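The following exercises concern the overall dimensions, sheets, helices and chain contact of one model. Each task is followed by a worked solution.

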Amino acid sequence: MVEAIHNVIIGNGSAGNGAAVTLREADPDCHITIITMGSLPFYNRYDLPRVFRGCYDWREILVHPLSYYDDNDITLRRNSRVTDVDGRNRMIAFAHNEAMHYDRLLVCAGGQGYLPEDLSDYRDLMSGFGSFEAAISTYKALPAGGALIMLGGDMIGLDLARTLTDTGYRVVLLANEYTFWPHKVQDDERDGFINALEHMGVEVIDGVHPVAVEEGEAGKPARRVVFEGGGDVLGDVVMPSYGLSPTAEFMLGSGVDIERGVLVDPTLHTTDENIWAAGDVCQIWSAEDNAYRFYYGWNNVRLMGEVAARNVTGANTAFEGLEDERLRIDKKGHLSSPFWEH
Amino acid sequence: MSERDEAKTGDVARPAPTPGEGQVWYSDDPRDIGWVRENIPCQTACPALTNIPAYIQAIMEKDYGRAYEINREANILPGVLGRICSRPCEDVCRHGEPGNGTPVDICHLKRSASDLKDTGHRINESLYAPSGKRVAVIGAGPAGVAAAHDLSLLGHDVTIFEREEDPGGMLRYGIPAFRLPRDVLHVELHNALRLGVELRTGVEIGNEAGQTSMTQLRKDYDAVLLTTGAMAPVDLPLSGGEGKDDPTSVKGVEYGLNFLMELHRGMKKKVGKRVAVVGAGFTALDCARVAKRLGAEEVTIHIRTAEEYIPVTKDEIFETKRESIRIKGLRTPGELLVDENGALRGVDFVQNRLGGWRENGRRQAVAIDGSEFVEPCDTLLIAIGQRTVNDFLDVELELDRWGSVKTGEGGRTSIDGIFAAGDFVAGPTTIIEAIGNGRNIAGGIDHWLMGRQRRRQVVRISPVEGPLRERSFDFIERQDMPTAPLAKRTRKLTREVETGFDEELAATESKRCYLCNLKYQIDVDNCIYCRACIEVAPKNCIKLVEGVDIREDGTYGELRETKKWDEVGAIWIDNNECIRCGACVMVCPTNCISITRNEFVTQDI
């Protein structure tokens with residue numbers, strides 16, 4: 001009897017789940033294990049702003065019913081942090097001192113919100129929005145009608161901002177080069193997009209560099225952001241929104257090539273014959289750009305997971321990112337981004 | 001199994017025995033020597049062979065002076081290396097193996113021994129009788145100072161000749177004070193040299209007027225040791241300037257090493273608003289961080305491969321980024337762009353992709369045709385490497401294919417009585433490698449001068465009453481090094497960034513060490529094969545074996561494991577897997593598991 005292949009997927013986002021379902025379709029007998037650091041089954045992170053519209057139950061944002069994993073014979077390992085991958089021996093090590101063998105590995109670990117190193121001392125005074133738990137925590141920290149100070153303003157943050165302004169909160173955006181990330185905005189377009197943000201109700205402060213976050217004084221808003229060279233702004237919650245950095249640190253000793261993310265060829269294959277990568281964690285070689293590049297957004301990431309899984313099972317398909325990556329202003333004068341589509 | 005001789009006289013590295021300990025043995029059995037080499041990976045990886053578990057245990061016991069002296073036995077500059085070491089020990093720390101967490105912060109614990117010891121603590125030095133021999137050391141960098149110190153201990157009269165005004169070499173002139181405070185450097189250099197080493201600074205070796213020649217030194221001294229390091233920058237020919245292929249002909253372009261050395265000689269250095277640094281080593285990062293402190297608004301380090309492959313510590317990269325310095329990968333500079341006034345306005349780069357591995361273990365970068373792009377900047381600091389210079393020699397020494405002086409056993413060059421050590425031989429290495437090599441070569445010079453080897457390495461084996469660790473220690477996270485607030489640190493060139501562990505942090509971090517110098521061993525004659533130890537073991541560390549192979553060199557080889565009871569020859573503790581938690585000792589009903597401390601010491605022959 002031939003022993004079933006063990007496909008391990010690190011990451012429970014849209015890339016990982018896109019890969020899992022494709023693997024199951026291609027090989028009904030294989031073992032599939034999804035490993036996630038999170039505590040919840042696969043949910044739609046684009047639905048997280050809904051917590052500000054009264055959605056407090058995680059079940060409401062699940063992509064699949066809870067029976068999905070059993071129905072598809074997929075083992076989901078939650079609250080499990082991978083610390084190392086040993087590509088030579090095909091072993092994964094966990095923070096809880098467990099080791100797991102794999103035959104083929106798909107790294108779909110995604111990205112984490114990037115916080116510039118010069119602000120890292122203030123991490124504890126800032127709120128995140130990268131998980132359901134973080135979203136609920138931010139919701140609780142922000143009083144009704146309160147002000148959220150957003151540093152940077154990537155498209156994930158601006159997605160939240162449009163919900164907040166729509167639901168009676170204030171958003172003060174400290175704009176910088178990360179604003180509109182991952183869109184590459186030309187200088188002559190930027191003012192128009194900033195105007196659109198203001199039209200959406202976002203209060204934009206442009207050209208300041210935050211150097212410190214402090215607790216607010218008694219009787220005043222809970223946070224104070226201090227600017228380089230003087231000046232400050234007060235708010236109830238401070239949220240960094242500087243784009244994503246790939247969650248690739250656990251792959252450093254694996255033997256695969258890494259630059260900022262895991263480097264893959266257009267078929268999403270790493271330099272290890274048994275390891276593929278998909279989603280925000282990987283940099284894909286682009287012959288057109290003569291460089292490795294990232295592709296973001298739900299649709300890109302989902303497609304990457306599917307392509308990687310097909311290639312794991314023997315195909316040789318190249319990933320082609322969605323062509324339209326332009327930021328636009330719609331008829332209402334609001335921003336419109338393909339990264340918000342899902 | 002060991003040659004259990006009584007202690008011979010003259011061991012210079014004997015730690016104070018723990019109260020209640022029994023007899024101490026000294027062994028030159030290859031199995032014991034091999035065991036120490038294989039089971040204490042941190043010590044083996046240290047070019048100076050620092051007894052790391054011993055000093056960390058001393059820190060755990062809050063005996064910082066002893067921890068410092070244990071360091072000093074191998075490395076004369078613990079406070080210095082505790083700040084700027086490249087930490088090869090941490091790369092192999094067993095706490096960093098998959099499933100075990102992250103390596104122990106060995107380097108910063110070394111620093112804490114220096115920081116937390118009593119002021120005016122007693123320094124241990126073991127002096128040999130005067131030999132009447134005179135040795136000249138050229139260069140007061142880490143290799144030269146380490147060699148001079150050891151040669152002086154061994155009874156020789158040592159004179160160091162140093163070109164600069166002060167000793168220290170790269171430590172003083174290459175490394176900025178915000179990473180290595182000069183008072184720490186001064187004290188430790190002074191300690192290393194005060195045993196009678198004569199230091200002559202501002203002395204140039206060469207053939208010009210006012211210089212001292214090698215030929216003359218060889219006549220005046222019984223032996224001459226060359227340790228002039230690798231103090232010249234590797235050239236980077238970039239087109240675009242007036243001086244063909246000499247990038248420094250363009251205003252705003254400098255070699256990083258020269259930039260740092262001039263700064264540390266007291267010259268006033270200036271940088272522009274947008275500074276680009278090319279290079280991937282500590283010097284490149286230091287240049288960038290100095291530029292930030294000199295007022296640059298935007299500093300970017302450009303590297304050919306990727307951050308993962310650059311030979312600097314992760315901590316250093318993190319602190320550099322915290323100071324708002326960017327690191328951009330996969331690019332190689334090709335051409336300088338110069339404005340109408342002859343000043344730098346940018347650098348033309350070509351995009352790379354990762355290639356294979358080079359012989360030296362570094363990654364290759366492969367340039368992509370047609371991928372040129374421009375990075376605007378007004379200052380360019382080039383720090384792509386360092387090289388040796390030997391044009392000051394008036395004697396003809398045999399060179400290797402890289403142009404460095406060729407040495408043989410004990411650092412001997414092709415001319416009798418002239419030795420060489422450190423970066424001058426090996427090219428640019430690390431400070432700890434230079435110190436380790438300097439000390440080794442000092443041993444070689446002593447052998448040559450005295451006509452016999454006077455010291456040897458043996459294993460000191462001492463019984464330990466019970467486990468020194470608790471299982472709970474395995475779950476302590478690595479402690480972060482406290483740092484100066486960002487808002488203040490870049491205002492001054494001399495403000496130290498890392499502020500050091502306090503006693504509590506040092507104690508907590510020290511508990512994480514597995515103390516790999518402890519050897520757990522089962523006495524098979526008293527073992528009743530109850531398996532209790534196997535049941536409680538948290539790792540796969542206690543094994544049923546048919547036997548243990550012995551290699552040709554006499555050291556232990558592979559364990560021949562078995563699962564069949566009728567083939568079991570012994571229950572064996574695999575000390576490569578053992579995390580010294582002591583759980584096996586606690587449950588053993590027959591007390592058949594012994595613990596000994598095994599460590600290298602130097603003995604007189």
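**Exercise 1. Dimensions of chain A**

Chain A has 342 residues, for which a compact globule would have a radius of gyration near 20 Å; the value for chain A is 21 Å, which agrees. Here the radius of gyration is taken over C-alpha atoms, and the globule rule is 2.2 Å times the number of residues to the power 0.38. The model is predicted: local features need pLDDT of at least 70, side-chain atom pairs count only at pLDDT 80 or more, and totals for chains, interfaces and linings use all residues. Residues are numbered from 1 along each chain as its sequence is written, with chains lettered from A and ligands numbered from 1 in the order in which they are written.

Task: describe the extent, burial and contacts of chain A.

Step 1. The C-alpha trace of chain A spans about 70 × 40 × 35 Å along its principal axes.

Step 2. Of the 342 residues in chain A, 42% are buried (20 or more other C-beta atoms within 10 Å of the residue's own, C-beta atoms being placed from the backbone).

Step 3. For chain A, 64% of the contacts between residues at least 6 apart in sequence join residues at least 24 apart; a contact requires C-beta atoms, placed from the backbone, within 7 Å.

Step 4. Chain A contains 6 helices and 22 strands, these being DSSP runs (H or I, at least four residues, for helices; E, at least two, for strands) numbered from the N terminus.

**Exercise 2. Two open sheets**

Task: give the strand order and pairing of an open sheet in each chain.

Step 1. In chain A, 3 strands with mixed pairing form an open sheet in the order β17-β19-β20; two strands pair if DSSP finds at least two bridges between them.

Step 2. The edges are β17 (262-264) and β20 (291-293) of chain A; each has a single partner strand, so one side of each is left without a neighbour in the sheet. From one strand to the next, the twist averages 35 degrees.

Step 3. β17(A) and β19 (residues 282-286) of chain A run parallel and are joined by 3 bridges. Opposite Leu263(A) stands Gln283(A) in β19(A).

Step 4. In chain B, the order β11-β12-β13 describes an open sheet of 3 strands with antiparallel pairing. Its edges are β11 (331-338) and β13 (363-376) of chain B, and each has a single partner strand, so one side of each lacks a neighbour in the sheet. The twist here averages 20 degrees from one strand to the next.

Step 5. β12 (residues 344-357) of chain B is joined to β13(B) by 9 bridges. Arg353(B) has Val366(B) in β13(B) as its bridge partner.

**Exercise 3. Helices of chain B**

Task: characterise a helix pair and a buried helix face.

Step 1. The axes of α8 (residues 142-153) and α10 (residues 182-193) of chain B come within 8 Å and cross at roughly 35 degrees. Axes are lines fitted to C-alpha atoms, for helices over the stretch in contact, and angles run from 0 to 180 degrees between N-to-C directions.

Step 2. Val145(B), Ala148(B) and His149(B) of α8(B) make the contact with Leu189(B), Ala192(B) and Leu193(B) of α10(B).

Step 3. In helix α18 (residues 503-510) of chain B, the buried residues are Ala506(B), Glu509(B) and Ser510(B). They fall within an arc of 100 degrees seen down the axis of α18(B), so they line one face of the helix. Their cover includes α3 (52-60) and α7 (106-116) of chain B.

Technical notes. Two residues are in contact if their C-beta atoms, placed from the backbone, lie within 7 Å. A residue is buried if 20 or more other C-beta atoms lie within 10 Å of its own, exposed if 12 or fewer, and partly exposed in between; C-beta atoms are placed from the backbone. The arc is that of the directions from the helix axis to the C-beta atoms.
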